[in-house]
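The following paragraphs guide the reader through a protein chain, moving from its overall make-up to a few helices and then to single residues in loops. The sequence and the structure should be kept in view throughout.

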Amino acid sequence: MVQAPRGIISTATASFISKFLIITSLGSFLPAFALVPRSRPLLSSNTAVFRRQSHTFLSKMSTSALSMTDFSSYLNSVTTEISSFSKTKNVNYNIILGNEAGDADSIISALAYSYVKASAKDINPGIGSSCSSIVNLPLASIPRNDLALRRDVTLLLEMVGIDGGKLIFVDDESFTNIANDDGIQKSVSLMDHNKLRSDLRPLHNFVDEILDHHKDEGSHNSVQGENREIAFDDQFALVGSTCTLVVEKITKQKQSMDNFKLDAGLGLVLLGVILLDTMNMCPNAAKGTQRDEEAIQFIIHESEWSTFIVNSNMQSNLFESDDDDESQRKVPIRSRLYEYLRDSKFDRSFWESMEITDALRIDYKRFEPSSGAKDAFGLSSILLDTETLVAKPYFKTKGLEYMRKVNVNLLGALNMVIVDDKPQREIVLLGASDDVNKMAHFLVNDDSTSFLEISNTGYIESSPSDEFVAVTLKQGNPKGSRKQIAPAMMSFFQKKM
Ligand SMILES: [Mn+2]
């Protein structure tokens, strides 16, 4: 019987995960079947020759700062490399991080963009940055112990041979030491969000780049021009995934290169996230745009798929041969890759076995309509129906306990399940009855939120006289995710002020 590392997740969840993963003593995850890049020689004394001969951009190169061959090797060695720099070396750290919810888009876009920037700097020092001593620090924007809860992320990392345990997480000393030391030069790139999370406030003034697809919260206003790319119009995101924006950065760089090929590991993780975020461009979900489809096509056609050794099990399931030489070219079948990742992410027994606190924290985001905690509220995206969620043991007690821990007065559980290829959404609001009732009334009745088609379905385990209540709301328009609910709730507090 394989044991999960202690303290990561509830026992029920751990035992469920252990059915699918072999968790090694080092805390890394080995899948039942894996797709591992063919090993490439690490760059050594013949680097110059090697690089002259190479025609594969973002695939075989090194930087003056980080020696690397491919995407996977780069990330597998990043912790070691970062810790080998001392602050006396006059290094400028470019911290690249996703949002605090830490979904696949946030984590993978940050890892991928860090590699893209490092590669670009190597191939053409003028592109990546103006400073030769910049070291990119790709950060997984979640606590180290929470990675096991992100099943889609762990699967993607495993597929390309990245050891999740070797990444750098927000609670790692290698990061916090740099973040908290005023003597260290740094800059911050925000991926998949445009306002730095409040618990990283010491880094606030170092933000100099934003790549995102959420409503602009108007923070970090010194970041402008091409460094402030926020793909969101009045109400909806212009791309379904931040990973699409990363692909667009790559396509721009490609224009100046001959014989371009994309590192297959990088291509596969970007493709996986874009497919997840757009539900494989399913029209019912209405999440993907033309830009996402172009990014998908680019990855499928421009990646160096032949560099993968694909396990036979995986081959028959997720990959197909693109030409006569079956051993040479393997291309992912997008519908199968999507379904594989989606099923792992939405796995009902996984979500059912999770205790309520894990369900609330797994994809949680905090919002502050005004500065400080007065109006702060939290929104948890949950892949369960409301009935199953509230039936979890101690739903209300543990929910209120969680609210106290994260210091918010109002908590929204945004529940989604997919039925017949169509998302179905419900909201549970939890908090003091006055706060909850006012917000519910606003969401149901205000003109500004009418596009969400929200209706009240009643109380759960609460009588109207209870001090704390939970209210369930049905959301008719499946196109409204947290990207739409959060700005709506923000506007409630801003109208009040
Ligand atoms: Mn995103």
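Two residues are in contact if their C-beta atoms, placed from the backbone, lie within 7 Å. This criterion is applied below to a model that is predicted.

The chain contains 19 helices and 18 strands. Of its 497 residues, 43% are buried. Among the contacts with a separation of 6 or more, 68% are between residues 24 or more positions apart.

A convenient place to begin is helix α13, which covers residues 334-346. Its 13 residues, at 1.5 Å a residue, should span 18 Å, and the end C-alpha atoms are indeed 18 Å apart, so the expected and computed values agree. The buried residues in α13 include Leu 337, Tyr 338, Tyr 340 and Leu 341. Because these residues cover an arc of only 165° around the axis, they are on the same side of α13. A general property of helices is relevant here. An α-helix has 3.6 residues a turn, so residues three or four places apart point the same way.

The partners of α13 may be considered next. Two packed helices are described by the angle between their axes and the distance between the axes. For helix α10 (residues 264-278) and α13, the axes come within 9 Å and cross at roughly 70°. The two helices α10 and α13 are therefore roughly perpendicular to each other. On the α10 side, the contact involves Leu 271, Gly 272, Leu 275 and Leu 276. These meet Arg 334, Leu 337, Tyr 338, Leu 341, Arg 342 and Lys 345 in α13. By class, the residues of this contact of α10 with α13 are six nonpolar, one polar and three charged.

Helix α7 (residues 151-159) also packs with α13, at an angle of about 140° and with the axes 8 Å apart. The angle makes α7 oblique to α13. Here Arg 151, Asp 152 and Leu 155 of α7 form the contact with Leu 341, Ser 344 and Lys 345 of α13. The contact of α7 with α13 has two nonpolar, one polar and three charged residues. Leu 341 and Lys 345 of α13 take part in the contact with α10 and also in the contact with α7.

Helix α11 is connected with this group as well. For its 13 residues, a rise of 1.5 Å a residue gives an expected span of 18 Å, and the end C-alpha atoms are 18 Å apart, which agrees. Which residues of α11 are buried? They are Asp 292, Ala 295, Ile 296, Phe 298 and Ile 299. These residues cover an arc of only 160° around the axis, which puts them on the same side of α11. On the other side of α11, Gln 290, Gln 297 and His 301 are exposed. The buried residues of α11 pack against α9 (242-254), α10 and α13.

Further along the chain is helix α19, which covers residues 482-496. Its 15 residues should span 21 Å at 1.5 Å a residue, and the distance of 21 Å between the end C-alpha atoms agrees. The buried residues of α19 are Ile 485, Pro 487, Met 489 and Phe 492. They pack against β14 (377-382), β15 (410-419) and α18 (433-445).

Several loop residues complete the account. Most residues other than glycine have a negative phi, and most peptide bonds are trans. Met 279, in the loop between α10 and α11, has a positive phi near 50°. With 20 C-beta neighbours inside 10 Å, Met 279 counts as buried. Asp 420, in the loop between β15 and β16 (422-432), likewise has a positive phi near 50°. Asp 420 is exposed, because 6 other C-beta atoms lie within 10 Å.

Thr 307 is found in the loop between α11 and β10 (308-310). Thr 307 has 18 other C-beta atoms within 10 Å and is therefore partly exposed. Its C-alpha atom is 8.9 Å from that of Lys 330, although the two residues are 23 residues apart in sequence. His 204 lies in the loop between β7 (185-191) and β8 (207-212). With 14 other C-beta atoms within 10 Å, His 204 is partly exposed. The C-alpha atoms of His 204 and Val 188 are separated by 8.4 Å, and the residues are 16 apart along the chain.

How values were computed:
Residues numbered from 1 in each chain as written. Predicted model: local features only at pLDDT ≥ 70, side-chain atom pairs only at ≥ 80, totals over all residues. Helix = DSSP H or I, 4+ residues; strand = E, 2+ residues; numbered from the N terminus. Expected span 1.5 Å × (residues − 1). Buried ≥ 20, exposed ≤ 12 C-beta atoms within 10 Å, placed from the backbone. Arc of directions from axis to C-beta. Axes fitted to C-alpha atoms, helices over the stretch in contact; angles between N-to-C directions. Parallel < 35°, antiparallel > 145°, perpendicular 65-115°, else oblique. Nonpolar A, V, L, I, M, F, W, Y, C, P; charged D, E, K, R; others polar.
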